[in-house]
Amino acid sequence: MSRARGSNSAGARWSGTGNRERLVDGQVVVEPKTKTKTKRPSLYRVILLNDDYTPMEFVVELLRTVFHKPQAEATRIMLHVHQNGSGIAGIYPYEIAETKVRTVEQLARKAQHPLKCAMEPE
Ligand code: TYC
């Protein structure tokens, strides 16, 4: 429905089709609504995988430096991975999660540890 702009008896403005309408040859033309709503990014879990060789201190250090976990939480996550086979290092939007995975694997490779890391949709 297209309405002219105006105000009600209480003085409140009502916009109807907002500022999307114009007159063309005496006809009211309403532009289609353009999408302006923002969407929250979908999130991904970054998963650390256990192995038999990567030193515990190395994993804790990664959790502190790459995932910004405090010492106690980093230790807790590392032990969880050690005991359960895998665990969540953090939850991030896609591109950030991707960068964390790459950073972990680069640092592990450089230190010659077999540590593996993955990401999965939250
Ligand atoms: N299991 C390793 C060890 O006993 C420690 C470890 C923990 C390795 C977590 C990887 O993601 C990992 N040294």
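The exchange below concerns the ligand site of a predicted model.

Colleague: What makes Leu49, Asn50, Asp51, Thr54, Met56, Val59, Met78, Val81, His82 and Leu115 the residues that surround the ligand?

Modeller: A residue is near a molecule if one of its heavy atoms lies within 4 Å of it. These ten names, Leu49, Asn50, Asp51, Thr54, Met56, Val59, Met78, Val81, His82 and Leu115, are therefore the shell around the ligand.

Colleague: Why is the pair between the side chain of asparagine 50 and the ligand called a polar contact?

Modeller: An N or O atom of that side chain is 2.7 Å from a nitrogen atom of the ligand. The cut-off is 3.5 Å between N or O atoms, so the asparagine 50 pair qualifies. Aspartate 51 qualifies too, through a backbone N or O atom at 2.7 Å from a ligand nitrogen. For histidine 82 the side chain supplies the N or O atom, 2.9 Å from a nitrogen of the ligand.

Colleague: How much of the ligand does the protein bury?

Modeller: The protein buries 89% of the 350 Å² that the ligand exposes when taken alone.

Colleague: Which elements give two or more residues to the shell?

Modeller: Helix H1 (56–65) and helix H2 (71–84) do. H2 gives the most, with three residues.

Colleague: What makes one residue of the shell count as charged?

Modeller: Asp belongs to the charged class, so Asp51 is that residue. The rest of the shell divides into six nonpolar and three polar.

Colleague: How confident is the predictor in the chain?

Modeller: The average pLDDT is 88, and 85% of the residues score at least 70. Over residues 1–14 pLDDT stays under 50, and the model has 23 contacts beyond four places in sequence for them.

Key:
Residues numbered from 1 in each chain as written. Predicted model: local features only at pLDDT ≥ 70, side-chain atom pairs only at ≥ 80, totals over all residues. Heavy atoms only, no water. Polar contact = N/O pair within 3.5 Å; in protein donor to acceptor, adjacent residues only side chain to side chain. Areas by Shrake-Rupley, 256 points an atom, 1.4 Å probe, with all protein chains shown as cover. Helix = DSSP H or I, 4+ residues; strand = E, 2+ residues; numbered from the N terminus. pLDDT = per-residue confidence, 0-100. Contact = heavy atoms within 4.5 Å.
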